[in-house]
Amino acid sequence: MRILLIGGGGVVGTALAMRMRDRHEVTILDVRHVTLPGVSSVVGDANEHESLEDLVPAADAVVHLAAIVPRGAEAARQIDAAVRLNVGSVIQALTLSVRERVPSFVHISSLSVFQEFGRHPIRAGAVPDAIAPYGLSKRLAEQACAALAAEPTTVTSLRLAFPAQAGDWPRWRSPSAPEVSGPRTLRLADRTPYPALHPDDLTDAVERTLTRRGEYAAIALAADPRTIDDDTALRLLGWSAQTGRGSVDCVR
Ligand SMILES: O=c1ccn([C@@H]2O[C@H](COP(=O)(O)OP(=O)(O)O[C@H]3O[C@H](CO)[C@H](O)[C@H](O)[C@H]3O)[C@@H](O)[C@H]2O)c(=O)[nH]1
C-alpha cells in the first residue's frame, strides 16, 4: 500500500514509518526533512494545498499526524496556528482524499478530547469535553472528519494517548522536555500506574485501520482499559494492546 504520512516526521510518525516501511511504500510530508532508509521524505507544509495536491492522489491511504500542541506560557499565542494546522489542514487533506477517491483516511487524534483523560477513568459513552486548546482542536477536527467523510473513503479518527518510544515503555517521556525530564511512570489521580502506548501496538492499530471499511468512527487506543471504558478498538479493529500483556508488573 502507498501510505502518505502528513506530519510524519515526529515521534509517532517516525515510529510508524520504521515499522511499516518493509510492507508498504511510505512517504512522509513534513516541514522538516526526515532521514529514514526506505522511506521517502518530502519537505512541505501540511497547510499548503500545493503540497497536498502533489501527494494525496498517489496514495492508497493518508494518515494525518501534523499537530501543534500549545503549551506553557506561549499556549495562548499558539491557538491560532494550532487550529489552522490541527483542524484546517485535516479538512484540506480529507477533502482532497475524498475527491481523489483515496480508500482510507486516518486522522491521528488524541484521548485529550476528554478533559480528565489520564487523571480519572473515562466512563463508557462519555462525550468529548476538552476545552484546553489542544484537546479542543482535536475535538473540532474529529467533527470535521465526521461531517466530511464520504464514499469511497473510509475515515477514522484514532484517539491515541501517551505514545512512547520502545526504549522508554512502559514509561512515557514528555515531548516538551524529553532530555530534561526523562521517562516517567503514568498514574491516575489515585496513583494507579498505567502503561504508555507501545509503538508496536500503535502500528498494529494503524495497520488494522488502513483496511477498515465503513462509516466514520472515532476509536480509542488506550493501552490500559482502566483509563477508559471503551471497546471501539476491539469491536471495529479487533485491536487491544498486546505489549506486556500478562505481565502484571509492567508498570509499578
Ligand atoms: O506546521 C507544521 C507543524 C508541525 N509539523 C510536523 O508535525 C510533526 C508532529 O510531531 P510531534 O513529534 O510533535 O508529535 P507526535 O508525533 O508526538 O504527536 C502525534 O500524536 C499526538 C497524539 O499523541 C497527536 O495526535 C498529534 O497529531 C501527532 O502529531 C512534526 O514532525 C512536525 O515537524 C508539520 O509538518 N507542519
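Below is a short exchange on how terms are assigned in this predicted model.

Me: What makes a residue or atom pair eligible for a statement here?
Reply: In this predicted model local features need pLDDT of at least 70 and side-chain atom pairs count only at pLDDT 80 or more, while totals for chains, interfaces and linings use all residues. Residues are numbered from 1 along each chain as its sequence is written, and side-chain values use heavy atoms, with hydrogens and water left out.

Me: What makes a residue part of the shell around the ligand?
Reply: A residue is near a molecule if one of its heavy atoms lies within 4 Å of it. The ligand is surrounded by 17 residues, and the closest are Val 12, Asp 30, Leu 65, Tyr 134 and Lys 138. At least two shell residues come from each of α1 (11-20), β5 (104-110) and α4 (133-148). Helices (H or I, at least four residues) and strands (E, at least two) are DSSP runs, numbered from the N terminus.

Me: How is the shell around the ligand divided by class?
Reply: The shell has 10 nonpolar, 4 polar and 3 charged residues. Ala, Val, Leu, Ile, Met, Phe, Trp, Tyr, Cys and Pro count as nonpolar, Asp, Glu, Lys and Arg as charged, and the others, Gly among them, as polar.

Me: Which distances qualify as polar contacts of the ligand?
Reply: A polar contact is a pair of N or O atoms within 3.5 Å; within protein, one must be able to donate a hydrogen and the other to accept it, and residues adjacent in sequence count only if both atoms are side-chain atoms. A side-chain N or O atom of Lys 138 is 2.7 Å from a ligand oxygen. For a polar side-chain atom of Tyr 134 the distance to a ligand oxygen is 3.1 Å, and for a polar backbone atom of Ile 108 the distance is 3.4 Å. The ligand taken alone exposes 710 Å², of which the protein buries 82%. Accessible areas come from the Shrake-Rupley method with a 1.4 Å probe; for residues, only the protein chains shown count as cover.

Me: Is Lys 138 buried or exposed, and how do you know?
Reply: Buried means under 20% relative accessible area, exposed over 50%, and partly exposed in between (1.4 Å probe, protein chains only). Lys 138 has a relative accessible area of 3%, so Lys 138 is buried. Lys 138 sits in helix α4.

Me: What does Lys 138 touch within the protein?
Reply: Contact means heavy atoms within 4.5 Å. Leaving aside neighbours within four places in sequence, Lys 138 is in contact with Ala 67, His 107, Ile 108, Ser 109, Ser 110 and Val 113. A polar side-chain atom of Lys 138 also lies 2.8 Å from the backbone oxygen of Ile 108.

Me: Why is α1 called largely enclosed?
Reply: Of the 10 residues of α1, 7 are buried, so the helix is largely enclosed by the rest of the structure. The buried residues are Val 12, Gly 13, Thr 14, Ala 15, Leu 16, Ala 17 and Met 20. These residues pack against β1 (2-6), β2 (25-30), β3 (39-43), β6 and α6 (199-210).

Me: Why is Leu 36 counted as buried or exposed?
Reply: The relative accessible area of Leu 36 is 13%, so Leu 36 is buried. Leu 36 is in the loop between β2 and β3. Not counting residues up to four places away in sequence, Leu 36 touches Thr 14, Ala 17, Met 18, Arg 21 and Ile 28.

Me: Why is the ring pair of Phe 162 and Tyr 194 called tilted?
Reply: Rings of Phe, Tyr and Trp (its six-membered ring) pair if their centres lie within 6.5 Å; planes under 30 degrees apart count as stacked, over 60 as edge-to-face and the rest as tilted. The structure holds 3 aromatic pairs. In the pair of Phe 162 and Tyr 194 the centres are 6.1 Å apart and the planes at 55°, so the pair is tilted. Phe 162 lies in the loop between β6 (154-160) and β7 (172-173) and Tyr 194 in strand β10 (residues 193-194), so the pair ties together parts 32 residues apart in sequence. Ring pairs link Phe 117, Phe 162, Trp 172 and Tyr 194 into a cluster.

Me: What makes the backbone of Arg 191 notable for its phi?
Reply: Arg 191 is not a glycine, yet its phi is positive, about 80°. Most residues other than glycine have a negative phi, and most peptide bonds are trans. Arg 191 lies in the loop between β9 (186-187) and β10, and at 55% relative accessibility Arg 191 counts as exposed.

Me: Which residues are joined by a cis peptide bond with omega of about 5°?
Reply: The bond joins Glu 151 and Pro 152. A cis peptide bond also joins Trp 169 and Pro 170, with omega about 10°.
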